Structures are given as C-alpha cells and as structure tokens.
Amino acid sequence: MMNSMEGKVIAVTGGAGGIGEATARMAYGQGASVVITDREASPVETMAKSLGDRAVGLAVDVTQRQDNERMVTAALEHFGRLDGVFLNAGIEGEVGPFESRSDAAWEKVFAVNIHGVRLGVEAALPALRKTGGGSIVITSSVAGLRGASGLSPYVSSKHAVVGMMRCLAAELGPEGIRVNTLNPGPVDNRMMRSIEDQANPGHGKEVQASFTARIPLGRYVTNEECAAMAVFLLSDAASGCNGDTYLVDGGYCA
Ligand SMILES: NC(=O)c1ccc[n+]([C@@H]2O[C@H](COP(=O)([O-])OP(=O)(O)OC[C@H]3O[C@@H](n4cnc5c(N)ncnc54)[C@H](O)[C@@H]3O)[C@@H](O)[C@H]2O)c1
C-alpha cells in the first residue's frame with residue numbers, strides 16, 4: 001500500500017542502529033513524522049536533519065523512564081499526536097556458556113531488552129489512548145522463538161518480550177491499540193558481526209557460514225527487509241494484526 005504512513009506520528013528507539021535507522025527512513029519516506037531516538041544525540045539528530053521537517057532526533061536511554069517520557073513528549077510537541085512506537089533498542093550482551101555470565105551481564109541485557117520495552121510501552125500508552133488507538137511494534141528475534149547455544153541472556157530477554165506483547169495485545173486490543181513483535185533472523189549488520197566474533201574470536205566468518213547454512217534463502221536478511229515488516233505493522237495496512245510474532249528470517253525457523 002503506497003503512502004500507508006501518511007499523517008502518522010511514529011517514535012523509534014534504537015534509531016541509530018541498523019534496523020531502527022532503516023525503519024525510521026522507510027516510515028518517513030512513506031509520509032510519517034518520526035521521532036528518532038538512540039543513546040547518543042548526534043547520530044539521530046544528523047539523520048533527522050538529513051530527512052527533513054517531519055523528523056526529530058533525540059537522545060533516549062530506554063532504561064530510563066524519564067527518557068521514554070521525553071520521547072513521547074517530543075512527538076506531541078513537534079507533531080501533535082502519537083500513532084505508533086517501534087520499541088526496537090536492544091543489545092546482544094556477552095556470548096558464552098550459561099553459567100559463565102555474571103549477574104551484571106544478565107541484568108544489563110534485561111534492563112535494555114525487557115525493561116526498556118516495558119518503559120516505552122508505559123510512556124506511550126497515555127498518548128496512544130488520546131489518539132484513540134495505535135500500533136506498538138516490539139523488536140524481538142528468532143531468539144524469541146527458538147533457543148541458541150551461548151546466547152542465554154539475549155534469548156531469554158527476547159522470549160520475555162514475546163510474552164509481554166501477548167499480554168499487551170489482549171489488554172489493549174479492546175482500545176484499538178495493536179501490539180506485535182518483529183522477529184528478525186540473522187541480519188547482515190553490526191549486531192551479527194559482534195555475535196559472530198564473540199562466538200569464535202578471529203573466526204567470525206566461519207560462524208557466519210554456519211548460520212547461513214541453516215537459512216533456506218542462503219543469506220542473512222537485510223535491515224530494509226526488517227524495516228518493511230516494521231512499517232507494515234505500524235501502518236493501517238496491518239489493521240487486523242494484533243498479538244502475533246512476525247518473522248523476517250529467510251526461512252530460518254521453518
Ligand atoms: N542484527 C540481528 O541479527 C538481529 C536479529 C534479531 C533481532 N535483532 C534485534 O533488532 C533490534 C535492533 O538491532 P540492530 O540489529 O539494528 O542492531 P544495532 O546494534 O545496530 O542497533 C541497536 C540500537 O539500539 C541502541 N541501544 C542499545 N542500548 C540502548 C539503550 N539503553 N537506549 C537506547 N538505545 C539503545 C544502540 O545504540 C543501537 O543503535 C535489537 O532489539 C536486536 O536485538 C537483531
């Protein structure tokens with residue numbers, strides 16, 4: 001559907017990263033106004049400037065309640081409403097055996113990947129209710145649906161947000177607020193390079209080859225392929241979609 005984002009106001013977390021940036025750009029290109037956020041101000045401010053008047057860049061640490069609230073306030077102040085949030089910020093954490101992860105390593109991943117999403121939802125809800133409905137899209141992963149050796153904190157966190165999404169979909173559906181997860185498979189970007197290099201230091205290419213061998217399409221997916229699904233779920237084209245997981249994984253889970 002062309003211009004399905006026309007007139008929508010969307011806030012994005014992790015907007016300086018691969019999937020977040022591609023989604024902010026695609027939503028903007030289809031007519032949305034976007035509040036693009038990430039930990040540091042400068043990359044998202046630069047991106048917003050390069051896009052134009054319907055984009056604002058803002059530093060938001062998703063683990064901080066007030067930062068999430070500032071993101072929503074920015075949407076209301078600049079664009080007068082909020083129609084959707086793409087709660088996409090996430091970290092891979094450390095790769096290694098289950099029992100070798102420190103308490104701090106577990107807590108850091110959960111702080112961003114679970115509580116960051118929770119705080120984003122809590123901040124967005126009053127504004128979405130005022131709009132009279134909306135769309136919440138949470139970036140989970142194939143790691144939210146399948147286990148993976150060496151990635152326990154990450155996999156646990158990405159399963160947790162699927163559960164959170166299902167509860168929210170049941171609670172908020174009656175108010176016209178749809179909640180879904182985007183579940184990418186391995187994406188050809190920074191995060192996978194980090195996971196590959198941590199899994200076998202100095203031999204990341206071999207790890208990449210073993211992942212690729214398990215993907216029927218024979219390649220990682222792209223940031224843009226993930227963005228296309230995120231934008232669809234944020235748009236009215238997905239008006240019947242609520243409470244589900246949306247894979248963009250080249251067939252990895254098949
Ligand atoms: N890359 C993959 O293969 C893959 C696969 C499945 C799911 N995902 C998920 O997709 C999402 C986006 O990741 P990506 O692939 O674009 O990687 P990325 O590392 O390029 O992007 C993640 C972004 O989140 C930001 N971020 C991290 N902690 C933050 C915090 N506390 N507050 C605000 N922003 C913070 C980072 O600065 C970064 O820009 C993540 O949730 C990730 O877990 C990625």
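## A tour of the strands, domains and ligand shell

Let's start at one residue: Val 9 stands opposite Ser 33, which sits in strand S2. Before going further, keep in mind that this is a predicted model. Across the protein chain the pLDDT averages 97, and 99% of the residues score at least 70. Among the elements, strand S4 (residues 84-87) has the highest mean, 99, while helix H6 (residues 190-199) has the lowest, 94.

**The strands**

Back to where we began. Strand S2 covers residues 33-38, and four bridges join S1 to it, with the two strands running parallel. S1 itself, residues 9-12, also runs parallel to S4, and three bridges link that pair. One pairing to look for here is Ala 11 with its bridge partner Val 85 in S4.

Which strand does S4 pair with through four bridges? That is S5, residues 134-139, and once again the two run parallel. To spot this pairing in the model, find Phe 86 and then its bridge partner in S5, Val 137.

Here are the strand pairs side by side:

| Strand pair | Bridges | Direction |
|---|---|---|
| S1 and S2 | four bridges | parallel |
| S1 and S4 | three bridges | parallel |
| S4 and S5 | four bridges | parallel |

Now for the side chains. Are the faces of S1 covered or open? Both are covered: Val 9 and Ala 11 are buried on one side, and Ile 10 and Val 12 are buried on the other. In S4, Gly 84 and Phe 86 point one way, Val 85 and Leu 87 point the other way, and all are buried. S5 follows with Gly 134, Ile 136 and Ile 138 pointing one way and Ser 135, Val 137 and Thr 139 the other way, all of them buried. Since six of the six residues of S5 are buried, this strand is largely enclosed by the rest of the structure.

**Two domains**

Zooming out, the protein chain splits into domain 1 (9-185 + 222-248) and domain 2 (187-220). How far apart are their C-alpha centres? They lie 24 Å apart. Where the domains touch, eleven residues of domain 1 are in contact with ten residues of domain 2. On the domain 1 side, helix H1 (18-29) and helix H8 (223-234) are the elements that give two or more residues. That side is made up of four nonpolar, five polar and two charged residues.

For a closer look at a single residue, try Gln 208, which lies in helix H7 (residues 204-213). Why does Gln 208 count as buried? Because it has 20 other C-beta atoms within 10 Å, and 20 or more is what a buried residue needs. Gln 208 is 20 residues from Asp 188 in sequence, and their C-alpha atoms are 9.7 Å apart in space.

**Around the ligand**

Finally, the ligand. There are 28 residues around it, and those that come nearest are Gly 14, Gly 17, Gly 90, Ser 141 and Met 191. Which domains does the shell draw on? Both domain 1 and domain 2 give at least three residues each. Among the helices, H1, H4 (103-131) and H6 each supply at least two residues of the shell. Sorted by type, the shell holds twelve nonpolar, twelve polar and four charged residues.

Two helices are worth a second look. H1 gives residues to the domain 1 side that touches domain 2, and H1 also supplies residues to the shell around the ligand. H6 supplies shell residues too, and H6 is the element with the lowest mean pLDDT, 94.

Note on methods: Residues are numbered from 1 along each chain as its sequence is written. This is a predicted model: local features need pLDDT of at least 70, side-chain atom pairs count only at pLDDT 80 or more; totals for chains, interfaces and linings use all residues. Domain bounds come from an automatic or database domain assignment. Two residues are in contact if their C-beta atoms, placed from the backbone, lie within 7 Å. Ala, Val, Leu, Ile, Met, Phe, Trp, Tyr, Cys and Pro count as nonpolar, Asp, Glu, Lys and Arg as charged, and the others, Gly among them, as polar. pLDDT is the predictor's confidence in each residue, from 0 to 100. A residue is near a molecule or strand if its C-beta atom, placed from the backbone, lies within 6 Å of it. A residue is buried if 20 or more other C-beta atoms lie within 10 Å of its own, exposed if 12 or fewer, and partly exposed in between; C-beta atoms are placed from the backbone. Two strands pair if DSSP finds at least two bridges between them.
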